[in-house]
Every structure is written in C-alpha cells, then in structure tokens.
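Here is a short tour of a small set of packing details, written to be read alongside the coordinates. Please keep the viewer open as you go.

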Amino acid sequence: MIGATDSDSRPHKPLHWGLAAKALWTLANDTARTDQVFTIISALTGDSFERTYQAFKKTDHGQRLLRERPSLMARLSS
C-alpha cells in the first residue's frame with residue numbers, strides 16, 4: 001500500500017508495475033537481455049526484505065544471531 005505504515009512508522013515502498021512491465025517487454029523481445037530480470041525483481045520487491053528483516057529481529061533466534069553475529073564463512077567452511 002502506498003503511504004501505509006508498519007508499527008515501526010516506516011512508509012511502505014511501493015511496487016513499480018510500469019518499470020517491471022517495461023523490463024519484461026524488453027526481455028521478451030530480446031531474451032539475451034537477462035539484466036532485465038534484476039530490474040523486474042527490484043521493481044516488484046517493494047519493502048518485502050525490510051518487512052522480513054523487522055519480523056526476524058522480533059524472534060528469539062533473530063535477536064540471538066544479531067547479538068552474536070556469527071561468521072557465515074566459518075560456518076559454511078566447516
């Protein structure tokens with residue numbers, strides 16, 4: 001929703017349907033233009049990453065990970 005807010009009072013980032021449609025049209029006409037996929041994703045993401053992060057911060061597990069900040073590289077290499 002444009003102009004709506006979450007409990008943390010941040011405005012929602014709107015989806016950009018026109019930009020997504022233009023990028024999709026470009027990609028459909030030239031399938032080698034795979035860069036347009038990133039434009040489509042960005043245009044249709046809105047604030048979903050931020051909302052997910054805010055929900056993650058409210059969980060016990062999220063709070064622990066944010067407090068401890070474990071090394072992802074160390075975890076992946078073991």
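At what angle do α1 and helix α2 (residues 35–45) pack, and how far apart are their axes? In this predicted model, the angle is about 160 degrees and the axes are 8 Å apart. With angles over 145 degrees counting as roughly antiparallel, α1 and α2 are therefore roughly antiparallel to each other. Their crossing is left-handed.

It is worth looking at the side chains of this pair. On the α1 side, the contact involves W17, L19, A20, A23, L24, T26 and L27, and these meet Q36, V37, T39, I40, A43 and L44 of α2. Sorted by class, the contact of α1 with α2 has 10 nonpolar residues, 3 polar ones and no charged residues.

A second pair can be set beside the first one. Helix α3 (residues 48–57) and helix α4 (residues 60–68) have axes that come within 6 Å and cross at roughly 95 degrees. That value falls in the range of 65 to 115 degrees, and α3 and α4 are therefore roughly perpendicular to each other. From α3, the residues Y53, F56 and K57 take part, while α4 brings G62, Q63, L65 and L66. The residues of this contact divide into 4 nonpolar, 2 polar and 1 charged.

| Helix pair | Angle | Axis distance |
|---|---|---|
| α1 and α2 | about 160 degrees | 8 Å apart |
| α3 and α4 | roughly 95 degrees | within 6 Å |

Now step back to the whole chain. There are 5 helices and 0 strands, so to speak a run of α-α-α-α-α from the N terminus on. Of the 78 residues in the chain, 17% are buried. Among contacts with a separation of 6 or more, 40% are between residues 24 or more positions apart.

Which residues of α2 are buried? They are Q36, I40, A43 and T45. The elements covering these buried residues of α2 include α1 and α3. Just after α2 comes G46, with a positive phi near 60 degrees.

The loop between α2 and α3 also holds D47. Is D47 buried or exposed? D47 counts as buried because its relative accessibility is 12%, and the cut-off for buried is under 20%. Leaving aside neighbours within four places in sequence, D47 is in contact with P11, H12 and K13. The C-alpha atoms of D47 and L15 are separated by 8.4 Å, although these two residues are 32 residues apart along the chain.

Another loop residue to inspect is R69, between α4 and α5. R69 has a positive phi of about 45 degrees although it is not a glycine. With a relative accessible area of 63%, R69 is exposed.

Finally, a word on confidence. The average pLDDT of the chain is 89, and 87% of the residues score at least 70. Over residues 1–6 the pLDDT is below 50, and beyond near neighbours in sequence this stretch has 10 contacts in the model. Where pLDDT is low, the predicted coordinates should not be read in detail. In the chain, confidence is highest in helix α1 (residues 17–29), at 98, and lowest in helix α5 (residues 72–77), at a mean of 90.

Note on methods. Residues numbered from 1 in each chain as written. Predicted model: local features only at pLDDT ≥ 70, side-chain atom pairs only at ≥ 80, totals over all residues. Heavy atoms only, no water. pLDDT = per-residue confidence, 0-100. Helix = DSSP H or I, 4+ residues; strand = E, 2+ residues; numbered from the N terminus. Contact = heavy atoms within 4.5 Å. Axes fitted to C-alpha atoms, helices over the stretch in contact; angles between N-to-C directions. Parallel < 35°, antiparallel > 145°, perpendicular 65-115°, else oblique. Left-handed = near helix turned anticlockwise from the far one by under 90°. Nonpolar A, V, L, I, M, F, W, Y, C, P; charged D, E, K, R; others polar. Buried < 20%, exposed > 50% of the residue type's maximum accessible area, 1.4 Å probe, protein only.
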